[in-house]
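The following exercises concern a single protein chain and are to be worked through with the coordinates open. Each exercise consists of a task and a solution in steps.

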Amino acid sequence: MHEIKKKKSVAILITTFNRKDITISCLSTLSLIIKSLPEYSFDIFLTDDLSTDGTKEEVVRNFPKVKTFSGNGHLYWTRGMINSWDEASKFRMYDYYLWLNDDVSLYRDGLSEALSSMEQIDSSIIICGITKDPRMDAPSYGGKDKNQKLLEPNGTCQDLLYLNGNFVLVPKKIYNKIGGMDGRFWHHGGDYEYGFRALKSGFKVCTSKKYIGECAQHDVFINRTRKMGVSIGGRISALYNSPFVSNPINTLWLNIEYRKLLRKNILKSYAQFVLIHITSILSDKFYLFLRRIVTGNTNDLK
């Protein structure tokens with residue numbers, strides 16, 4: 001009598017906010033892909049951060065098997081993913097946890113490629129799927145090496161230092177050892193920190209062997225130049241209240257905690273932390289005076 005092989009289980013973790021059509025498209029594609037992988041069992045955990053466009057209602061109506069949860073409207077990406085992961089861990093222990101951004105258009109073999117690579121190589125690695133920017137024949141996300149070069153697929157699993165969280169497959173062995181993402185990060189930085197933590201704990205972080213799907217690269221730019229004509233309180237608030245970049249305390253902590261991985265000089269990291277606050281406290285007149293001495297140019301501050 002043949003022994004029935006136990007299916008490997010996968011928890012797919014998603015967080016959403018106000019892009020209903022993109023979310024529904026993602027889940028439609030995902031449903032088709034899941035049906036083509038009967039050797040695995042899947043559960044989808046989706047946290048909607050109080051979308052006002054009816055995202056959660058549409059998901060419940062069209063995909064009743066998706067386990068949906070509501071945020072508080074201020075979770076953003078990292079904390080939204082943490083919520084989905086926490087809910088999955090309450091439900092059961094899975095063999096794999098997949099972080100998936102809903103704006104990733106998966107190729108039909110994208111998920112199977114990552115899962116098969118995981119099982120062929122080692123269940124002690126994190127696999128980051130490389131996505132192609134549909135506007136050009138180049139990678140948009142996946143991860144960067146120690147030189148901060150965004151890697152292109154080359155048919156092998158390449159080592160990463162900087163992990164992009166768009167499509168990330170984490171095995172239970174790593175989750176059991178290092179846990180989930182760090183809630184001190186709001187939006188940006190949670191994926192990087194998780195990769196650093198895995199590497200520091202002796203695990204590997206690698207790319208997929210080929211493109212797993214498409215995702216347009218976001219044109220996100222946060223201007224951290226010191227603002228003129230703003231109160232001291234306003235300048236300090238700008239340093240700490242944007243979810244899209246790591247605040248100075250988190251950046252300092254990352255540089256110290258993972259200094260060997262990042263090849264950071266601790267004294268230089270402290271100096272940068274102090275300097276960014278000093279420049280925020282100085283009056284505009286004195287700051288311009290110092291800038292004039294150091295650079296001889298203040299045109300970028302006008």
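**Exercise 1. Determine which way the side chains of strand S4 point, and place the strand among its partners.**

Step 1. In this predicted model, Tyr 96, Leu 98 and Leu 100 point to one side of S4, while Tyr 97 and Trp 99 point to the other, and all are buried.

Step 2. The count for the strand agrees: five of the five residues of S4 are buried, and the strand is mostly covered.

Step 3. Strand S1 runs parallel to S4, the two being joined by four bridges. Within this pairing, Ala 11 has Tyr 97 of S4 as its bridge partner.

Step 4. With S10, S4 pairs in the antiparallel sense over five bridges. Here Leu 98 has Leu 169 of S10 as its bridge partner.

**Exercise 2. Identify the strands that pair with S6 (residues 125-133), and give the sense of each pairing.**

Step 1. Begin with burial: eight of the nine residues of S6 are buried, and the strand is mostly covered.

Step 2. S6 runs parallel to strand S11 (residues 204-214), with seven bridges between them. Ile 127 stands opposite Cys 206 of S11.

Step 3. Strand S10 (residues 167-171) pairs with S6 in the antiparallel sense over two bridges. The bridge partner of Ile 127 in S10 is Leu 169.

Step 4. Strand S7 (residues 138-141) also pairs with S6, in the antiparallel sense and over three bridges. Asp 133 is placed opposite Ala 138 of S7, and the two strands form a hairpin with four residues between them.

**Exercise 3. Describe the nonpolar cores and state which elements supply the largest one.**

Step 1. In soluble globular proteins, nonpolar side chains tend to be buried together.

Step 2. The largest nonpolar core of this chain has 32 residues, and Ile 12, Leu 27, Leu 100 and Leu 115 have the most contacts inside it.

Step 3. At least two residues of this core come from each of strand S1 (8-16), helix H1 (20-35), strand S2 (40-48), strand S4 (96-100), helix H4 (110-121), S6 and S10. H1 gives the largest share, five residues.

Step 4. Take Leu 115 as a case: leaving aside residues up to four places away in sequence, Leu 115 touches Val 10, Leu 37, Tyr 40, Phe 42, Tyr 96 and Leu 169.

Step 5. There is also a second, separate core of 26 residues, which includes Trp 99, Val 168, Ile 174 and Met 181.

**Exercise 4. Decide whether helix H6 is enclosed or open, and characterise the contact of H7 with H10.**

Step 1. Helix H6 (residues 190-200) has nine buried residues out of eleven, so the helix is largely enclosed by the rest of the structure. Among the buried residues are Asp 191, Glu 193 and Arg 197.

Step 2. After H6 comes Gly 202, with a positive phi near 95 degrees.

Step 3. The axes of helix H7 (residues 232-240) and helix H10 (residues 266-281) come within 8 Å and cross at roughly 150 degrees. On the H7 side, Ile 232, Arg 235, Ile 236, Leu 239 and Tyr 240 make the contact, and on the H10 side Phe 273, Ile 276, His 277, Ser 280 and Ile 281.

Step 4. By class, the residues of this contact are seven nonpolar, two polar and one charged.

**Exercise 5. Find residues other than glycine with positive phi, and state how exposed they are.**

Step 1. Most residues other than glycine have a negative phi.

Step 2. Leu 50 has a positive phi, near 60 degrees. Leu 50 lies in the loop between S2 and helix H2 (55-62), and its relative accessible area of 44% makes it partly exposed.

Step 3. Arg 263 has a positive phi of about 55 degrees. Its position is the loop between helix H9 (259-262) and H10. Exposed means over 50% relative accessible area, so Arg 263, at 57%, counts as exposed.

**Exercise 6. Assess the overall form of the chain.**

Step 1. The chain has eleven helices and eleven strands. Its radius of gyration is 21 Å, close to the 19 Å from the globule rule for 302 residues, so the chain is as compact as a globular protein of that length.

Step 2. The C-alpha trace spans about 85 × 40 × 40 Å along its principal axes.

Step 3. Of the 302 residues, 45% count as buried. Among contacts with a separation of 6 or more, 72% are between residues 24 or more positions apart.

Terms used
Residues numbered from 1 in each chain as written. Predicted model: local features only at pLDDT ≥ 70, side-chain atom pairs only at ≥ 80, totals over all residues. Heavy atoms only, no water. Buried < 20%, exposed > 50% of the residue type's maximum accessible area, 1.4 Å probe, protein only. Axes fitted to C-alpha atoms, helices over the stretch in contact; angles between N-to-C directions. Contact = heavy atoms within 4.5 Å. Nonpolar A, V, L, I, M, F, W, Y, C, P; charged D, E, K, R; others polar. Pairing = 2+ DSSP bridges. Core = buried A, V, L, I, M, F, W, Y, C linked by side-chain atoms within 4.5 Å. Rg over C-alpha atoms; globule rule 2.2 N^0.38 Å.
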